[in-house]
Every structure is written in C-alpha cells, then in structure tokens.
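Grab a pencil and work through a few exercises on the charged pairs and the open space of one protein. Try each task before you read its solution.

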Amino acid sequence: MIMYSLLKIGFYTIWDDPLTWTGYFSCYIGFFLLSILLLTMTSSSKKLFGPPNLKPVYRLELTISPPHITPANGPYGTTCMINVLGGTFKGYEGFEDFHGEVVTPSTDLLRVHADGSGITLNPTFVMKLHDGNKFLSIMKGKSERDPDNPDNSRIHSGAWYEVGDERFRWLNGQVLVGYGIKQGQNIKIDYYQICD
C-alpha cells in the first residue's frame, strides 16, 4: 500500500537522520493520502439514519356516512362506526397505473378520546384497482378538529397494505404516511412513501 510505504520510509528516514527533509516529505505525503482515503470513505458510506424524504404515491378521496355512535362514553371514550359511501384513489407521477375506487365494505371504527385530546382513526378500506383486482388498506391515524368548525379536521395517518397483485406487491413492505383534510363528509388524503 502506497500510504503505508511512504509513512514507513518517512519514519525510518527521520529516525536515522532527524534533519533530513526526505523523511518529513514522505510522512507528509503519506498522511495527505490517508486523509483523502478517510474523507472518501466517510462521504461514500450510506447514511444509516436521518430525516426521511417523502415521495408522493397517491391521493385518496372519500365520502363518508354520519357517525353511528356505539357506545357513548365508554372506557376509551366514545366509539363511532363510519361507513365509506364511496371513494377513489389515483397515483401520482411514477404511479400512474395505481388508480381505482374504494368499495364496500369499507369502514372506520373511530374513538373520540375521553380526555378530549382528539380522535383516533382505525379504518380498513377495500380498494379496487381499475382492472378489478382488490387489496386492503389498513390505516391508523389521528384527527384534529377545527376549533371553529368541528365538522372539519386535519388528518395524520400511517397506512399499510395487503396486496396480492404482483405489480403492487411492494406495498406489503411499506408503511405510507398520510396527511389530509376532512370537510364535512368529504375526505382528501395524500399518501407518501418514506425514502432515504
């Protein structure tokens, strides 16, 4: 190895004659090459952890029923059943073939927190692709009501999938991040893939 040879020659030369410039020069070049190697290794190593990048995958749009309260003021708050009356999903750039509709039975078992801190969402959607293939989307999330209009809210969620279609089987290993809004009985959520 060139660096090792230069450092070895330099140290032996300095040991034999501390006043010679060749030993110091060899050591300098060896250390210079070593520092370049270390910088290259550091910059080329893959980042193991850090802020994620988000890539938009699809938009989900739903129309939902009014809530059916069963039961009110239970041990975990008020539990509501909400049916999905209809909906669509459409892929963004790179996912154009990922589109279709949300079909029955798709429902949400949500809980209004007993302490008034918010709403926990727990829907399962049956999603039908444009060519008829179906898969499941299971979501967990939180809904933060608009203080001026409780019929509206912001939605934060994570979604995972059970897919048999080979084209979209990669979703089985993903948790997509969702951010959206509810306005009355209409919901729009954009889902993002977490990327390095």
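A salt bridge here is a side-chain nitrogen of Lys or Arg within 4 Å of a carboxyl oxygen of Asp or Glu. You're looking at a predicted model, where local features need pLDDT of at least 70, side-chain atom pairs count only at pLDDT 80 or more, and totals for chains, interfaces and linings use all residues. Residues are numbered from 1 along each chain as its sequence is written, and side-chain values use heavy atoms, with hydrogens and water left out.

**Exercise 1.** Find which residues are linked in a network of salt bridges.

*Solution.* Start with the total: the rule gives 5 salt bridges. Next, pick out Arg167 and Asp165, whose closest N and O atoms sit 2.5 Å apart. Now widen the view: the network is made up of Asp97, Asp131, Asp165 and Arg167. Last, check accessibility, where buried means under 20% relative accessible area, exposed over 50%, and partly exposed in between (1.4 Å probe, protein chains only). Asp165 comes out buried at 13%, while Arg167 is partly exposed at 36%.

**Exercise 2.** Work out which strands are linked by the salt bridge between Arg59 and Asp190, then do the job again for Glu144 and Arg154.

*Solution.* You need the strand rule: helices (H or I, at least four residues) and strands (E, at least two) are DSSP runs, numbered from the N terminus.

- Arg59 and Asp190 pair with N and O atoms 2.8 Å apart. Arg59 belongs to β1 and Asp190 to β10, 131 residues apart. Arg59 is partly exposed at 30%; Asp190 is buried at 12%.
- Glu144 and Arg154 meet at 2.9 Å, N to O. Glu144 is in β7 and Arg154 in β8, so this bridge ties together parts 10 residues apart in sequence. Glu144 is partly exposed at 41%, and Arg154 is partly exposed at 37%.

**Exercise 3.** Describe the largest pocket: its space, its lining and the element that gives the most to that lining.

*Solution.* A pocket is an open set of points on a 1 Å grid over the protein atoms alone, where a 1.4 Å probe fits, with protein on both sides within 12 Å along at least five of seven lines; lining residues have an atom within 4 Å of a point. The volume is the space filled by probe spheres set on the points, which are joined across faces, edges and corners.

First, the space: about 480 Å³. Then the lining: 28 residues, with Ile64, Ile82, Leu110, Leu121 and Lys182 closest to the centre. Finally, the top contributor is β8, with 4 residues.
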